[in-house]
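Here is a quick walk through a small protein model, written for someone who would rather be at the bench. Have a look at the fold before reading on.

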Amino acid sequence: MVDARGYSCPMPVIMVQKAVKSEKPNSLEVLVDNQCSVDNVIRFAQNQGYNVEVTPEGSDFKLTLTK
């Protein structure tokens, strides 16, 4: 789980990038709180071969990355 709420881009992408490179997970949940972060994390994740499902949770978004 990467909780990137409260961070503006590019920090959420950097946090996800570190998690992907160090853990090489088959699935990863990411929490963000703005649309720019949603778009950028999706772009990064898809470039890394992940499928992304976005679930709104109040004013936040949960992104589920799966291979």
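## Overall size

The radius of gyration used here is taken over C-alpha atoms, and the rule for a globule is 2.2 Å times the number of residues to the power 0.38. For a chain of 67 residues, that rule puts a compact globule near 11 Å; the protein chain comes in at 10 Å, which agrees. Keep in mind that this is a predicted model.

Along the principal axes, the C-alpha atoms of the protein chain fill a box of roughly 30 × 20 × 20 Å. Of the 67 residues, 37% are buried. The protein chain exposes about 4000 Å², and 47% of that is supplied by carbon and sulfur atoms. Take the contacts between residues at least 6 apart in sequence: 59% of them join residues at least 24 apart.

## Layout of the chain

What is the order of elements from the N terminus on? The protein chain runs β-α-β-α-β-β, so to speak a short list of 2 helices and 4 strands.

The 4 strands make an open sheet with mixed pairing, in the order β1-β2-β4-β3. Which strands stand at the edges? They are β1 and β3 (51–57); each has a single partner strand, so one side of each has no neighbour in the sheet.

## How the strands pair

Start with β1 (residues 2–3) and β2 (residues 27–32), which pair in the parallel sense over 2 bridges. Here Val2 sits opposite Val30 in β2. To get from β1 to β2, the chain goes through helix α1 (residues 11–23), and this β-α-β crossover is right-handed.

On to β2 and β4 (residues 60–66): these strands run antiparallel and are joined by 6 bridges. Leu28 stands opposite Leu65 in β4, and Val32 stands opposite Phe61 in β4. As a rule, side chains in a regular strand alternate between the two faces of the sheet.

## Val16, a buried spot in the helix

Is Val16 buried or exposed? Val16, which lies in helix α1, has a relative accessible area of 0%, so it is buried.

Who keeps Val16 company? Setting aside neighbours within four places in sequence, Val16 is in contact with Val2, Leu28, Val30, Val41, Phe44 and Leu65. Some of these names have come up already: Val2 and Val30 stand opposite each other, and so do Leu28 and Leu65. As for backbone spacing, the C-alpha atoms of Val16 and Glu29 are 9.4 Å apart, with their positions 13 residues apart along the chain.

## The two cysteines

How many disulfides does a search of the whole structure find? The count is 0. The cut-off matters here: a disulfide needs a pair of cysteine sulfur atoms within 2.5 Å. The closest cysteine sulfur to that of Cys9 is in Cys36, at 3.9 Å, which is too far for a bond. Looking from the other end, Cys36 is in no disulfide either, and the nearest cysteine sulfur is that of Cys9.

Are these residues covered up? Partly exposed is the label for Cys9, with a relative accessible area of 27%. Cys36 also counts as partly exposed, at 43% relative accessibility.

## The loops around helix α1

The loop between β1 and α1 holds Pro10, and the peptide bond joining Cys9 and Pro10 is cis, with omega about 15°. Gly6 has its place in the loop between β1 and α1 as well. At 64% relative accessibility, Gly6 counts as exposed.

Lys24 belongs to the loop between α1 and β2. Though not a glycine, Lys24 has a positive phi of about 45°. With 62% relative accessibility, Lys24 is exposed. How far apart are the C-alpha atoms of Gly6 and Lys24? They are separated by 25 Å, and the two residues are 18 residues apart along the chain.

Terms used
Residues are numbered from 1 along each chain as its sequence is written. This is a predicted model: local features need pLDDT of at least 70, side-chain atom pairs count only at pLDDT 80 or more; totals for chains, interfaces and linings use all residues. Side-chain values use heavy atoms; hydrogens and water are left out. Buried means under 20% relative accessible area, exposed over 50%, partly exposed in between (1.4 Å probe, protein chains only). Two strands pair if DSSP finds at least two bridges between them. A crossover is right-handed if, with the strands pointing away from the viewer, the path from the first strand over the helix to the second runs clockwise. Contact means heavy atoms within 4.5 Å. Accessible areas come from the Shrake-Rupley method with a 1.4 Å probe; for residues, only the protein chains shown count as cover.
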